[in-house]
Amino acid sequence: MFSPPRRAVALAAALVAPLLAVSACSSSGGDDGAVDVLASFYPLQVVAQEVGGDRVDVGSLTPPGAEPHDVELSPAQVASVDGADLVVYQSGFQPAVDDALAQASPEHVVDATDVADLATLRADEDADGHTEDDGHDHDGPDPHFWLDPTRMPAVVDAVADALTEIDPDGAETYRANAEALNARFAALDEAYTTGLATCEQRVFVTSHEAFGYLAQRYGLEQVGISGVDPESEPSPARLREVGEIVDAEGVTTIFFETLASPKVAQTLAADLGVEAAVLDPIEGLADDSQDYFSIAEANLDALRVALSCS
C-alpha cells in the first residue's frame with residue numbers, strides 16, 4: 001500500500017510541540033487564583049488551555065472517551081457552569097449543554113457557533129450526479145468546524161479576548177499564546193493543502209458526516225454513511241447507495257471512528273471488499289497519549305493513503 005513521504009522537518013517541528021496538559025475533570029473553582037474555565041468538549045478545551053496556559057484551570061463537560069453529541073450533565077456539572085469565570089461552548093451541538101447555559105448565568109461566555117463561521121453543508125447531488133440522501137435532516141449548520149484548521153483562529157482570538165477581560169494582568173500572555181496556537185493551525189492547514197493537492201481520488205467515505213468542512217477546504221468530496229449525528233442508523237437504501245458510489249468511484253477505504261461504533265462501516269467495507277480504517281473527527285480523546293494535532297496529522301496520513309496521493 002502507498003506510504004506517504006515524511007513532511008519537511010520545519011513543518012513537523014511546528015506541529016509536534018506538545019500541548020499543555022489538559023485537565024479532563026470539572027474545574028476546581030479557581031482556588032489557586034487561576035481563572036476558572038469550563039469547556040463543553042475537547043476541541044474547545046484545547047483552545048482554552050492553550051490560550052490560558054498556567055493562568056487558567058480548565059475543565060470539560062464531556063468526559064474523556066465520551067461521544068459529545070449526546071452527553072448528559074449531572075446536577076453538579078450544571079452547577080459548575082453557573083460558577084465558572086468563563087464557559088466556552090458551541091450552541092446547537094450539545095443539547096444538554098445548551099440547557100445548562102439556559103439555566104445558568106456565567107459572567108463570561110464564548111459561543112463557538114457565533115464566531116466560527118458555521119455553514120450548512122449540503123451535498124444533495126455532487127458533480128457526478130451522486131445523490132446524498134441519507135434520510136436525515138440537514139437544515140441546521142454543520143457543527144464540525146474544528147476539522148478545518150482555518151476556522152479555529154476565530155475561536156482562539158475570542159477566548160483570548162474573554163480571558164483578557166476577566167484577567168487584564170494576563171493580557172500579554174493570552175495574546176502571545178493565541179498567536180502561537182494560531183501559527184500551529186496555519187502550519188497544519190499548510191500540511192493538509194500540500195498533502196492533499198495531488199491525489200488520484202477525491203471521494204472518501206466515512207461513517208458519519210463529520211468532515212464536510214475539511215472536504216470543502218481541501219477540494220474533496222465526503223460521502224457519509226450516516227448524517228451529522230453519529231448515532232443515527234443508515235437505511236438499507238442508503239447503504240446500497242454508498243455501495244454504488246464506492247464501486248463507481250473506485251473507493252478503496254471506508255473510514256470509521258474512535259468514539260462511535262465502527263460496526264456499520266466495518267461490515268459495509270467487508271461486504272464491498274474494501275479496507276476499513278480510522279478517520280478521527282477529533283470530538284474527544286480515546287487515547288490520552290494523543291492530542292488534536294497528532295490526531296489531525298494521523299488523519300492526513302490516512303486520507304493520503306486512501307486517496308492515493310503522491
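**Figure 1. Buried residues of helix 11 in the predicted model.** The buried positions of helix 11 are Y292, F293, I295, A296, E297, N299, L300, A302, L303, R304 and A306. Because 11 of the 15 residues of helix 11 are buried, this helix is largely enclosed by the rest of the structure. The buried set includes the charged residues E297 and R304 as well as N299.

**Figure 2. Ends and length of helix 11.** Helix 11 covers residues 292–306, and at 1.5 Å a residue its 15 residues should span 21 Å. The end C-alpha atoms lie 21 Å apart, in agreement with that expectation. At the N-terminal end, D291 acts as the cap: one of its side-chain oxygens is 2.9 Å from the backbone nitrogen of F293. After the helix comes S308, which has a positive phi, near 55 degrees.

**Figure 3. The open sheet of 4 strands.** The strands are arranged in the order 2-1-3-4 and pair in parallel. Strand 2 (56–60) and strand 4 (108–111) occupy the edges; each has a single partner strand, so one side of each is left without a neighbour in the sheet. From one strand to the next, the twist averages 20 degrees.

**Figure 4. Pairing of strand 3 with strand 4, and the packing of helix 6.** Strand 3 (residues 86–89) runs parallel to strand 4 and is joined to it by 4 bridges. Within this pair, Y89 of strand 3 stands opposite D111 of strand 4. Helix 6 (residues 152–166) packs on the sheet and touches strand 1 (35–39), strand 2, strand 3 and strand 4. The direction of helix 6 makes about 175 degrees with that of strand 4.

**Figure 5. Surroundings of N182 in helix 7.** N182 belongs to helix 7, which comprises residues 171–195. Its relative accessibility is 17%, and N182 therefore counts as buried, the cut-off being under 20%. Leaving aside residues up to four places away in sequence, N182 touches P153, V156 and D157. These three contact residues fall within helix 6 (residues 152–166).

**Figure 6. E241 in helix 9.** Helix 9 runs over residues 236–249 and contains E241. With a relative accessibility of 13%, below the same 20% limit, E241 counts as buried. E241 and I225 are separated by 16 residues in sequence, and their C-alpha atoms are 9.1 Å apart in space.

Technical notes
Residues are numbered from 1 along each chain as its sequence is written. This is a predicted model: local features need pLDDT of at least 70, side-chain atom pairs count only at pLDDT 80 or more; totals for chains, interfaces and linings use all residues. Side-chain values use heavy atoms; hydrogens and water are left out. Helices (H or I, at least four residues) and strands (E, at least two) are DSSP runs, numbered from the N terminus. The expected span of a helix is 1.5 Å times one less than its number of residues. Buried means under 20% relative accessible area, exposed over 50%, partly exposed in between (1.4 Å probe, protein chains only). A polar contact is a pair of N or O atoms within 3.5 Å; within protein, one must be able to donate a hydrogen and the other to accept it, and residues adjacent in sequence count only if both atoms are side-chain atoms. Two strands pair if DSSP finds at least two bridges between them. Axes are lines fitted to C-alpha atoms, for helices over the stretch in contact, and angles run from 0 to 180 degrees between N-to-C directions. Contact means heavy atoms within 4.5 Å.
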